[in-house]
Amino acid sequence: MTILYPIGDSLYVNITNQCPCRCVFCIRMETDHVGNSGSLWLDHEPSIEEVKEEFKKFNIDDYKEIVFCGYGEPLVRLNEIIEISNFIKSISNIKIRINTNGLADLIHNKDTAVLLKDSIDAVSISLNAPDKKRYYEVTRPKFGEKSFDALLKFASQCKKYLKDVSFSVVDEISDEEIDNAKKLAKDMDIPLRVRHKQ
Ligand code: SF4
(Lines give C-alpha, C1' and ligand atoms only; values in the text may rest on other atoms or scores of the structure.)
Protein backbone atom coordinates (compact mmCIF):
# COMPACT_ATOMS: atom_id res chain seq x y z
CA MET A 1 0.00 0.00 0.00
CA THR A 2 1.18 3.55 -0.69
CA ILE A 3 1.85 5.82 2.28
CA LEU A 4 4.28 8.33 0.70
CA TYR A 5 4.31 9.32 -2.96
CA PRO A 6 6.04 12.12 -4.84
CA ILE A 7 4.34 14.46 -7.29
CA GLY A 8 6.74 17.01 -8.76
CA ASP A 9 8.57 18.77 -5.94
CA SER A 10 6.11 17.61 -3.28
CA LEU A 11 6.09 14.46 -1.18
CA TYR A 12 2.53 13.44 -0.33
CA VAL A 13 1.48 11.57 2.80
CA ASN A 14 -1.51 9.23 2.60
CA ILE A 15 -2.60 8.24 6.10
CA THR A 16 -6.32 7.65 5.88
CA ASN A 17 -9.16 6.75 3.53
CA GLN A 18 -11.77 8.06 5.96
CA CYS A 19 -13.72 11.16 4.99
CA PRO A 20 -16.99 12.69 6.22
CA CYS A 21 -17.82 13.99 2.71
CA ARG A 22 -18.93 12.44 -0.59
CA CYS A 23 -17.92 15.17 -3.03
CA VAL A 24 -19.51 14.86 -6.45
CA PHE A 25 -16.07 15.30 -8.07
CA CYS A 26 -14.09 13.07 -5.68
CA ILE A 27 -11.20 11.48 -7.52
CA ARG A 28 -11.74 8.31 -5.50
CA MET A 29 -14.85 7.54 -7.54
CA GLU A 30 -12.80 7.53 -10.76
CA THR A 31 -9.39 6.04 -9.98
CA ASP A 32 -7.30 4.53 -7.20
CA HIS A 33 -4.10 6.47 -7.82
CA VAL A 34 -2.56 9.87 -8.58
CA GLY A 35 0.35 10.03 -11.07
CA ASN A 36 2.63 7.08 -10.33
CA SER A 37 1.49 6.70 -6.73
CA GLY A 38 0.18 3.14 -6.98
CA SER A 39 -3.08 2.33 -5.26
CA LEU A 40 -3.94 4.82 -2.53
CA TRP A 41 -6.50 2.55 -0.92
CA LEU A 42 -4.98 1.53 2.41
CA ASP A 43 -5.38 -1.99 3.82
CA HIS A 44 -4.92 -0.40 7.25
CA GLU A 45 -4.25 3.10 8.55
CA PRO A 46 -0.48 3.29 9.02
CA SER A 47 0.81 3.85 12.53
CA ILE A 48 3.07 6.79 13.30
CA GLU A 49 6.01 4.36 13.40
CA GLU A 50 5.13 2.96 9.98
CA VAL A 51 5.01 6.46 8.51
CA LYS A 52 8.38 7.32 10.07
CA GLU A 53 9.83 4.13 8.55
CA GLU A 54 8.50 5.14 5.14
CA PHE A 55 10.27 8.50 5.39
CA LYS A 56 13.58 6.61 5.61
CA LYS A 57 13.04 5.50 2.00
CA PHE A 58 13.00 9.11 0.73
CA ASN A 59 15.51 11.95 0.83
CA ILE A 60 13.39 14.80 2.20
CA ASP A 61 15.90 17.36 0.92
CA ASP A 62 14.92 16.38 -2.64
CA TYR A 63 11.49 17.99 -2.09
CA LYS A 64 10.11 21.48 -1.50
CA GLU A 65 7.21 20.46 0.70
CA ILE A 66 5.49 17.62 2.51
CA VAL A 67 1.74 17.48 1.88
CA PHE A 68 -0.73 15.58 4.06
CA CYS A 69 -3.40 14.86 1.55
CA GLY A 70 -4.69 11.38 2.04
CA TYR A 71 -6.98 9.47 -0.16
CA GLY A 72 -9.51 10.73 2.35
CA GLU A 73 -9.54 13.61 4.85
CA PRO A 74 -6.12 13.73 6.53
CA LEU A 75 -7.32 15.66 9.61
CA VAL A 76 -9.42 12.68 10.63
CA ARG A 77 -6.02 11.68 12.05
CA LEU A 78 -5.27 15.02 13.67
CA ASN A 79 -3.10 13.71 16.51
CA GLU A 80 -1.05 11.50 14.21
CA ILE A 81 -0.48 14.41 11.78
CA ILE A 82 0.82 16.57 14.62
CA GLU A 83 3.18 13.82 15.81
CA ILE A 84 4.44 12.99 12.32
CA SER A 85 4.93 16.70 11.53
CA ASN A 86 6.89 17.19 14.72
CA PHE A 87 9.07 14.24 13.68
CA ILE A 88 9.61 15.81 10.23
CA LYS A 89 10.47 19.14 11.82
CA SER A 90 13.04 17.39 14.03
CA ILE A 91 14.96 16.25 10.93
CA SER A 92 14.26 18.96 8.34
CA ASN A 93 13.12 22.54 7.73
CA ILE A 94 10.90 21.48 4.86
CA LYS A 95 7.51 23.20 4.53
CA ILE A 96 4.57 21.08 5.74
CA ARG A 97 1.11 21.58 4.25
CA ILE A 98 -2.26 19.94 4.83
CA ASN A 99 -4.87 19.70 2.09
CA THR A 100 -8.14 19.50 3.97
CA ASN A 101 -11.90 19.76 3.60
CA GLY A 102 -11.86 22.15 6.58
CA LEU A 103 -14.27 20.11 8.71
CA ALA A 104 -11.80 19.07 11.41
CA ASP A 105 -13.69 20.97 14.13
CA LEU A 106 -16.82 18.94 13.41
CA ILE A 107 -14.88 15.68 13.10
CA HIS A 108 -13.24 16.18 16.50
CA ASN A 109 -15.94 18.29 18.13
CA LYS A 110 -13.48 20.98 19.22
CA ASP A 111 -11.41 23.88 17.84
CA THR A 112 -8.54 22.31 15.93
CA ALA A 113 -6.70 25.11 14.08
CA VAL A 114 -4.89 26.20 17.23
CA LEU A 115 -3.50 22.66 17.61
CA LEU A 116 -1.71 22.95 14.26
CA LYS A 117 0.15 26.16 14.97
CA ASP A 118 3.52 24.73 15.99
CA SER A 119 3.53 21.78 13.60
CA ILE A 120 2.08 22.91 10.27
CA ASP A 121 3.17 25.71 7.93
CA ALA A 122 0.34 25.80 5.41
CA VAL A 123 -3.25 24.71 5.02
CA SER A 124 -5.17 24.49 1.77
CA ILE A 125 -8.90 24.27 2.41
CA SER A 126 -11.42 23.02 -0.14
CA LEU A 127 -14.04 25.79 -0.12
CA ASN A 128 -15.88 24.09 -2.97
CA ALA A 129 -18.88 26.45 -3.04
CA PRO A 130 -19.94 30.07 -2.39
CA ASP A 131 -22.61 29.26 0.22
CA LYS A 132 -23.87 26.58 2.60
CA LYS A 133 -26.62 25.27 0.33
CA ARG A 134 -24.33 24.67 -2.63
CA TYR A 135 -21.60 23.36 -0.35
CA TYR A 136 -23.98 20.74 0.96
CA GLU A 137 -25.01 19.76 -2.58
CA VAL A 138 -21.46 19.53 -3.89
CA THR A 139 -19.67 17.88 -0.95
CA ARG A 140 -22.54 15.99 0.74
CA PRO A 141 -20.97 16.09 4.24
CA LYS A 142 -22.38 13.82 6.92
CA PHE A 143 -22.63 16.84 9.27
CA GLY A 144 -25.30 18.51 7.13
CA GLU A 145 -25.70 22.19 6.25
CA LYS A 146 -23.84 23.45 9.35
CA SER A 147 -20.65 22.18 7.67
CA PHE A 148 -20.02 25.32 5.59
CA ASP A 149 -20.07 27.68 8.59
CA ALA A 150 -17.74 25.29 10.45
CA LEU A 151 -15.37 25.34 7.46
CA LEU A 152 -15.34 29.17 7.41
CA LYS A 153 -14.67 29.31 11.15
CA PHE A 154 -11.82 26.78 10.78
CA ALA A 155 -10.37 28.87 7.92
CA SER A 156 -10.48 32.12 9.86
CA GLN A 157 -8.86 30.46 12.86
CA CYS A 158 -6.16 28.97 10.64
CA LYS A 159 -5.42 32.52 9.48
CA LYS A 160 -4.80 33.47 13.09
CA TYR A 161 -2.31 30.69 13.73
CA LEU A 162 -0.66 29.75 10.41
CA LYS A 163 1.42 31.72 7.92
CA ASP A 164 -0.06 30.27 4.77
CA VAL A 165 -3.80 29.61 4.36
CA SER A 166 -5.56 29.22 1.02
CA PHE A 167 -8.88 28.11 -0.40
CA SER A 168 -9.61 26.07 -3.49
CA VAL A 169 -12.71 25.42 -5.58
CA VAL A 170 -13.11 22.87 -8.35
CA ASP A 171 -14.56 24.17 -11.60
CA GLU A 172 -17.45 21.77 -11.10
CA ILE A 173 -19.55 24.77 -10.00
CA SER A 174 -20.73 27.57 -12.35
CA ASP A 175 -18.65 30.63 -13.28
CA GLU A 176 -21.04 32.81 -11.27
CA GLU A 177 -20.60 30.56 -8.24
CA ILE A 178 -16.82 30.67 -8.68
CA ASP A 179 -17.01 34.50 -8.75
CA ASN A 180 -19.06 34.49 -5.55
CA ALA A 181 -16.59 32.11 -3.92
CA LYS A 182 -13.79 34.49 -4.93
CA LYS A 183 -15.66 37.39 -3.27
CA LEU A 184 -16.10 35.40 -0.08
CA ALA A 185 -12.42 34.43 -0.07
CA LYS A 186 -11.41 38.05 -0.69
CA ASP A 187 -13.55 39.24 2.22
CA MET A 188 -11.72 36.75 4.43
CA ASP A 189 -8.37 37.82 2.96
CA ILE A 190 -7.62 34.25 1.93
CA PRO A 191 -6.32 33.51 -1.59
CA LEU A 192 -8.46 31.17 -3.67
CA ARG A 193 -7.26 28.79 -6.36
CA VAL A 194 -9.60 27.37 -9.01
CA ARG A 195 -8.75 23.74 -9.76
CA HIS A 196 -9.84 21.83 -12.83
CA LYS A 197 -11.78 18.66 -12.25
CA GLN A 198 -9.31 15.76 -12.72
S1 SF4 B 1 -13.28 15.82 0.91
FE2 SF4 B 1 -11.76 15.00 -0.53
S3 SF4 B 1 -11.61 12.81 -0.09
FE4 SF4 B 1 -13.48 13.56 0.87
S5 SF4 B 1 -15.09 13.12 -0.62
FE6 SF4 B 1 -14.38 15.23 -0.95
S7 SF4 B 1 -12.79 15.10 -2.53
FE8 SF4 B 1 -13.13 13.03 -1.71
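Which residue in β4 stands opposite Phe68? Let's work through this and a few related exercises together.

The model is predicted: local features need pLDDT of at least 70, side-chain atom pairs count only at pLDDT 80 or more, and totals for chains, interfaces and linings use all residues. Residues are numbered from 1 along each chain as its sequence is written, and side-chain values use heavy atoms, leaving out hydrogens and water.

**Exercise 1. Find the partner of Phe68 and place its strand in the sheet.**

Step 1: Start with the names. Strands (E, at least two residues) and helices (H or I, at least four) are DSSP runs, numbered from the N terminus.

Step 2: Look across from Phe68, and you meet Ile98 in β4. Strand β3 (residues 65–68) pairs with β4 in the parallel sense over four bridges; two strands pair if DSSP finds at least two bridges between them.

Step 3: Go to the other neighbour. β4 (residues 95–100) is also parallel to β5 (residues 122–126), again over four bridges. Here Arg97 stands opposite Ala122 in β5.

Step 4: Ask how enclosed β4 is. Five of its six residues are buried, so β4 is largely enclosed by the rest of the structure. Buried means under 20% relative accessible area, exposed over 50%, and partly exposed in between (1.4 Å probe, protein chains only).

**Exercise 2. Describe the whole sheet and its edges.**

Step 1: Write down the order. Seven strands make an open, mixed sheet: β1-β2-β3-β4-β5-β6-β7.

Step 2: Find the edges. β1 (4–7) and β7 (192–195) each have a single partner strand, so one side of each lacks a neighbour in the sheet. Neighbouring strands are turned by 25° against each other on average, direction ignored. Angles run from 0 to 180 degrees between N-to-C directions, with axes fitted to C-alpha atoms, for helices over the stretch in contact.

Step 3: Zoom in on β1. Four bridges join β1 to the antiparallel β2 (residues 10–13), and Tyr5 has Tyr12 as its bridge partner. The two strands form a hairpin with two residues between them, and Gly8 in the turn has a positive phi of about 60°.

**Exercise 3. Explore the nonpolar cores.**

Step 1: Define the term. A nonpolar core is a set of buried Ala, Val, Leu, Ile, Met, Phe, Trp, Tyr and Cys residues joined through side-chain atoms within 4.5 Å.

Step 2: Take the largest core, with 55 residues; among the members that touch the most others are Phe55, Phe68 and Leu127. Helix α5 (residues 147–161) gives the most to this core, with six residues.

Step 3: Now look for another. A second, separate core of six residues includes Tyr5, Tyr12, Val67 and Tyr71.

**Exercise 4. Is Asn128 buried or exposed, and what does it touch?**

Step 1: Locate Asn128 in the loop between β5 and α4 (132–139).

Step 2: Check its accessibility. Asn128 has a relative accessible area of 4%, so it is buried.

Step 3: List contacts (heavy atoms within 4.5 Å). Leaving aside neighbours within four places in sequence, those of Asn128 include Cys23, Phe25, Tyr135 and Ser168.

Step 4: Compare Lys197, in the segment after β7. Lys197 has 41% relative accessibility, so it counts as partly exposed. With the neighbours within four places in sequence again left aside, the contacts of Lys197 include Phe25, Glu30 and Val170.
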